[in-house]
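Thanks for making time. I will go through one protein chain, starting from a single residue and ending with the domains.

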Amino acid sequence: DWTADIFVENTVRELQEKLGDDKVVMGLSGGVDSSVAATLIHQAIGKNLYCIFVDNGLLRKNEFEQVLESYEGMGLNVKGVDAKEDFYKALEGLTDPEDKRKAIGRVFIEVFDREAHTIKDVKWLGQGTIYPDVIESVSVNGPSVTIKSHHNVGGLPEKMNLKVVEPLNLLFKDEVRNVGRALEITDNILGRHPFPGPGLGIRILGDITPDKVRILQEVDDIFISGLKENNLYDEVWQAGAVLLPVQSVGVMGDERTYEQVVALRAVTSLDGMTADWVHLPYEFLADTSNKIINRVKGVNRVVYDISSKPPATIEWE
Ligand code: XMP
């Protein structure tokens with residue numbers, strides 16, 4: 001019988017045998033998988049696990065500070081790296097979604113590599129790979145390859161001559177959550193919606209500027225906080241806002257405005273492969289729309305995405 005407690009006990013012991021006094025470096029994302037994997041490795045080898053959490057400038061509002069604080073609270077040996085400017089610079093003028101993904105992935109590897117090299121004699125790269133990732137990375141076609149190429153730090157182990165340690169690579173998502181609970185990881189991390197590696201970079205359609213990021217962070221924060229306050233957050237598998245590359249005419253007082261449009265997206269899903277849009281209450285949508293338009297300068301229209309996957313995808317890019 002599989003239980004999370006026994007898995008933790010066995011895995012920590014195996015990791016101790018495998019890793020001995022070796023040092024491990026690992027990138028954290030704020031997501032469930034990397035957090036649970038890091039906690040297991042930390043239980044096994046303590047301070048010999050060096051975690052790196054990169055601010056790519058495309059995270060949610062206050063996410064970097066909050067997640068870093070949670071990690072520190074969990075006792076992890078973690079270094080927060082502000083690399084916002086590196087990412088913005090690499091993204092300047094890029095509009096094609098795949099070009100943006102590639103640039104974000106490339107800069108991530110550069111920053112991570114730079115940081116990892118400051119740790120002496122590191123032998124292993126820790127990763128939060130779970131079983132479905134293992135299967136997906138074997139399939140040759142389709143978007144999964146692109147997805148995995150980003151968040152699994154592809155190419156890095158070879159480049160740095162590191163061995164890979166992946167304590168979750170036989171588990172499914174719900175099992176990972178159970179392990180996380182057995183490890184007493186906070187709900188603030190375990191209950192969080194999935195968030196793509198390229199972050200807001202693929203929710204700002206077209207080119208990315210720091211100003212657009214700030215606008216979208218404000219919009220997203222109003223939407224996500226609203227879901228939480230209305231007890232809707234846990235009913236939804238993933239939610240977020242998209243900044244559209246169009247302006248629309250509006251009216252404010254006696255003035256004509258010509259400003260940005262944002263789309264809100266909320267879906268239910270099991271694994272992200274298929275998804276349905278969530279029938280959020282009209283009252284909630286009305287309230288959220290008013291708040292966004294009143295509070296976020298530069299936005300004068302809010303629309304709600306009512307497309308399911310397939311044929312649409314969850315993200316717009
Ligand atoms: P789509 O848009 O393909 O998204 O329906 C399915 C799930 O994958 C996430 N996603 C990504 N995750 N890097 C990631 O790490 C990516 O480039 C990427 N693109 C999409 C998306 O947020 C959803 O959960």
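Y131 sits in helix α6, which covers residues 131–136. Keep in mind that this is a predicted model. Is Y131 buried, or is it exposed to some degree? There are 15 C-beta neighbours inside 10 Å of Y131, and a residue needs 20 or more to be buried and 12 or fewer to be exposed, so Y131 is classed as partly exposed.

What does Y131 touch further along the chain? Setting aside neighbours within four places in sequence, the contacts of Y131 are N169, L170, L171 and F172. Y131 and L168 are 37 residues apart along the chain, yet 7.2 Å separates their C-alpha atoms.

Next, the core. In soluble globular proteins, nonpolar side chains tend to be buried together. Here the largest nonpolar core contains 68 residues, and V24, M26, I41, C51, V219 and V262 have the most contacts inside it. The biggest contributor is helix α2, residues 32–45, which supplies 8 residues. Where does this core lie relative to the domains? Domain 1 (4–190) and domain 2 (203–304) both give residues to the core, so it lies between them.

One of the core residues named above is M26. Not counting residues up to four places away in sequence, M26 touches A38, I41, L49, C51, L125 and G126.

Last, the two domains themselves. Their centres, taken over C-alpha atoms, are 28 Å apart. In the contact between them, 10 residues of domain 1 meet 10 residues of domain 2. On the domain 1 side, the touching residues are 5 nonpolar, 3 polar and 2 charged.

Note on methods:
Residues are numbered from 1 along each chain as its sequence is written. This is a predicted model: local features need pLDDT of at least 70, side-chain atom pairs count only at pLDDT 80 or more; totals for chains, interfaces and linings use all residues. Domain bounds come from an automatic or database domain assignment. Two residues are in contact if their C-beta atoms, placed from the backbone, lie within 7 Å. Ala, Val, Leu, Ile, Met, Phe, Trp, Tyr, Cys and Pro count as nonpolar, Asp, Glu, Lys and Arg as charged, and the others, Gly among them, as polar. A nonpolar core is a set of buried Ala, Val, Leu, Ile, Met, Phe, Trp, Tyr and Cys residues joined through C-beta atoms within 7 Å. Helices (H or I, at least four residues) and strands (E, at least two) are DSSP runs, numbered from the N terminus.
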